[in-house]
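Let's take a walk through this protein together, from its overall layout down to a few individual residues. Keep the viewer open as you read.

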Amino acid sequence: MHRSVDVVARDRAGSANPWWREAVFYQIYVRSFADGNGDGIGDLAGIRARLPYLSLLGVDALWLTPFYSSPMADHGYDVADPRAVDGVFGDLDAFDALLADAHALGLKLLVDLVPNHTSDEHVWFQEALAAGPGSPARARYHFRPGRGADGSEPPNNWPSVFGGPAWQRIDDGEWYLHLFAPQQPDLNWTNPDVAADLERTICFWLDRGTDGFRIDVAHGLAKPPGLPDMDIPADTAILPEIPGDLRFDQDGVHDLHRMIRRVVDRYPGRMAVGEVWVRDDERLARYIRPDELHQVFNFHLLEAAWKAEELIAAIVRSHDVGTSVGLTPTWVLSNHDTIREVTRYGDGDTGRRRARAAIVLELALPGATYIYNGAELGLPEVRLPDDALQDPTWERSGHRERGRDGARVPMPWSGVQPPYDFTTGAATWLPMPDDWAELTVERELDDAGSMLSLYRQALALRRDRPEMTGPGIAWYGAPDGCLAFRRDGGLTCALNATDAPVPLPPGTVVLASAPLAGDGMLPGDAAAWLV
Ligand code: TEU
Ligand code: CA
């Protein structure tokens, strides 16, 4: 077996080697990272106080999830004012101070843009409710009369991503569209006010020195003319990107990304990465054409099962998406919407071993990597009690889907019991498990065998080793259930997804996710780097 996906990345737009191309980004779910004022909810001051940790970890850039003024129906992804900081998280001074300190440590900082929808408490939506049917204020959203004789049926059959219909009826009988929670009305991107306001928001954050954006639901935004019904397979109600899904990835979305790019390009060195859940690679690549986004998340690796064939296919596909437009790819193992990798890969010891191997694999790959806070500690998904669940998915699915809270439990910093120094207060916004004493930052920093130490070693090697370079990878033959590839610069990465040891490829091991199984043998569920 010798597959080659060698492609020399074309330089484009400005710098031959922009900082984001091979950067390691660290995603901070702001509510859950560190609490600076004792109310049990993470905030900007908490992040600022923990910046030395992030510098020690060895990442290049941070991405903060929304910290804007919000009623928190979707924990900040329901934005009431995109140019104001919510009091729960701090204020603009706290943001500026955080940004200045991050820059002083050499860390770049991205903020989240949420252009698909606003909060129902956004001034525009309040105006729209008051102004009535047919008004210019309603034209900024998608208001429609209902179907049926009395208009009591939703205008079309679209489901909300969080369960239930994507339409909400209001008192005067009209309905409005919300692809997510009813508190997140979708904006109408054919209305010029909408684009003008996003431009203001982009400039507002870039003028403060922010390095760029993660763009929420970047495959949403544009809606098909007339909002027709879509085909909904009987077995699915809420997964986005079902075939023929008219809610996402409409051709008109690309004009909006070109607009965003024109604005961002006025600020040299800044960038935007889109959250695009599009499983067709050719369509996914459209979002990173030279005049659109700089990067797009690529979820193939996150969605691959723990099997060599699936991992290889995910890597080849992701790599090709990038190189088809002259870019290096992006890699993601988890984020605040997905099951934590330790749990996804089998939980317990098996899950931990595989998550260790997965990060060794991921950090060997050419391109940019996004790490979700807590992954570096090996945090598992938490099975929270029903009465603690806050994700709107839980209620909207009629308690069929537990939602994403299990991946959003606050970070354990030190100590042996909740709240593990996440807060100086007693309670945390989601309860923390009693058995996380071994998973704190403090404990793992002191343990050479911890997940955190593995991340730190891998990140340091990635930064320092000359072998970790070049955009291409060449595949080696590998035993069944295993994979091995070599980067242009000379690094070999081997991964064993079986449960029995296999011989390592030739070379000197510089990093291994588990102790080697005797001379030159890579144990099961492990990965290694060789030079
Ligand atoms: O997620 C968008 C989105 O489509 C996700 O719901 C995704 O499809 C799903 O979780 C895959 O399992 C973004 C944010 O990341 C999410 O936290 C927000 O709730 C959502 O947008 C609405 O703003
Ligand atoms: Ca707080």
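Helices here are DSSP runs of H or I with at least four residues, strands are runs of E with at least two, and both are numbered from the N terminus. With that in hand, we can place a cis peptide bond: Pro-419 sits in the loop between helix 13 (392-396) and helix 14 (441-445). The bond leading from Pro-418 to Pro-419 is cis, with omega near 5°. Please keep in mind throughout that this is a predicted model.

Now zoom out to the domains. The domain assignment gives domain 1 (24-116 + 192-228 + 239-455) and domain 2 (123-177). Their C-alpha centres lie 30 Å apart. Where the two domains meet, 17 residues of domain 1 are in contact with 16 residues of domain 2.

Next, look inside. The largest nonpolar core has 152 residues, and Tyr-26, Tyr-53 and Trp-529 are those with the most contacts inside it. Helix 12 (residues 348-364) gives the most to this core, contributing 8 residues. The core also draws at least three residues from each of domain 1 and domain 2. Apart from it lies another core, of 15 residues, including Trp-158, Phe-162, Leu-177 and Ala-181.

Helix 12 deserves a closer look. Does its length fit what we expect of a helix, and what are the two values to compare? At 1.5 Å a residue, its 17 residues should span 24 Å, and the end C-alpha atoms are 25 Å apart, which agrees. Among the buried residues of helix 12 are Gly-351, Ala-355, Ile-359, Val-360 and Leu-363, and the charged-type names Arg-356 and Glu-362 are on the buried list too. Helix 7 (residues 253-264) can be checked in the same way: its 12 residues should span 16 Å at 1.5 Å a residue, and its end C-alpha atoms are 17 Å apart, which agrees. Of these 12 residues, 9 are buried, so helix 7 is largely enclosed by the rest of the structure. The buried residues include Val-253, His-254, Leu-256, His-257 and Arg-261. What do the buried residues of helix 7 pack against? Their partners are helix 6 (192-207), strand 9 (212-215) and strand 10 (271-274).

Just ahead of helix 7 comes a backbone detail. Asp-249 lies in the loop between strand 9 and helix 7. Its phi is near 55°, a positive value in a residue other than glycine. Asp-249 is also buried, with a relative accessible area of 7%. Met-72 is another residue to click on, found in the loop between strand 3 (68-69) and strand 4 (81-85). Phi of Met-72 is near 70°, again positive in a residue other than glycine. Met-72 counts as buried because its relative accessibility is 17%, and buried means under 20%.

Now for the aromatic rings. A pair of aromatic rings is described by the distance of the centres and the angle of the planes. The count here comes to 24 aromatic pairs. One of them joins Phe-125 and Tyr-141 edge-to-face, at 5.0 Å centre to centre and with 85° between the planes. This pair links distant parts of the chain, 16 residues apart: Phe-125 is in helix 5 (residues 123-131), while Tyr-141 is in the loop between helix 5 and strand 6 (143-144). Phe-125 is buried, with a relative accessible area of 2%, and Tyr-141 is buried with a value of 2%. Phe-143 and Tyr-176 form a tilted pair, 5.9 Å centre to centre with 50° between the planes. Phe-143 lies in strand 6 and Tyr-176 in strand 8 (residues 175-177), so this pair ties together parts that are 33 residues apart in sequence. Both Phe-143 and Tyr-176 are buried. Elsewhere, Trp-19, Phe-25, Trp-63, Trp-277, Phe-297, Phe-299 and Tyr-370 form one aromatic cluster.

Our last stop is a metal site. Which residues coordinate the calcium ion (ligand 2)? The donors come from Asp-35 (OD), Asn-37 (OD1), Asp-39 (OD), Ile-41 (O) and Asp-43 (OD), at 2.3 to 2.4 Å. Along the chain, these donors follow the spacing D-x1-N-x1-D-x1-I-x1-D. Two of the coordinating residues can be placed by their accessibility: Asp-39 is partly exposed, with a relative accessible area of 38%, whereas Ile-41 counts as buried at 15%.

Terms used:
Residues numbered from 1 in each chain as written. Chains lettered and ligands numbered in written order. Predicted model: local features only at pLDDT ≥ 70, side-chain atom pairs only at ≥ 80, totals over all residues. Heavy atoms only, no water. Donors = N, O, S within 2.8 Å, 3.2 Å for Na, K, Ca; no water. Buried < 20%, exposed > 50% of the residue type's maximum accessible area, 1.4 Å probe, protein only. Core = buried A, V, L, I, M, F, W, Y, C linked by side-chain atoms within 4.5 Å. Domains from an automatic or database assignment. Expected span 1.5 Å × (residues − 1). Contact = heavy atoms within 4.5 Å. Phe/Tyr/Trp six-rings, centres within 6.5 Å; stacked < 30°, edge-to-face > 60°.
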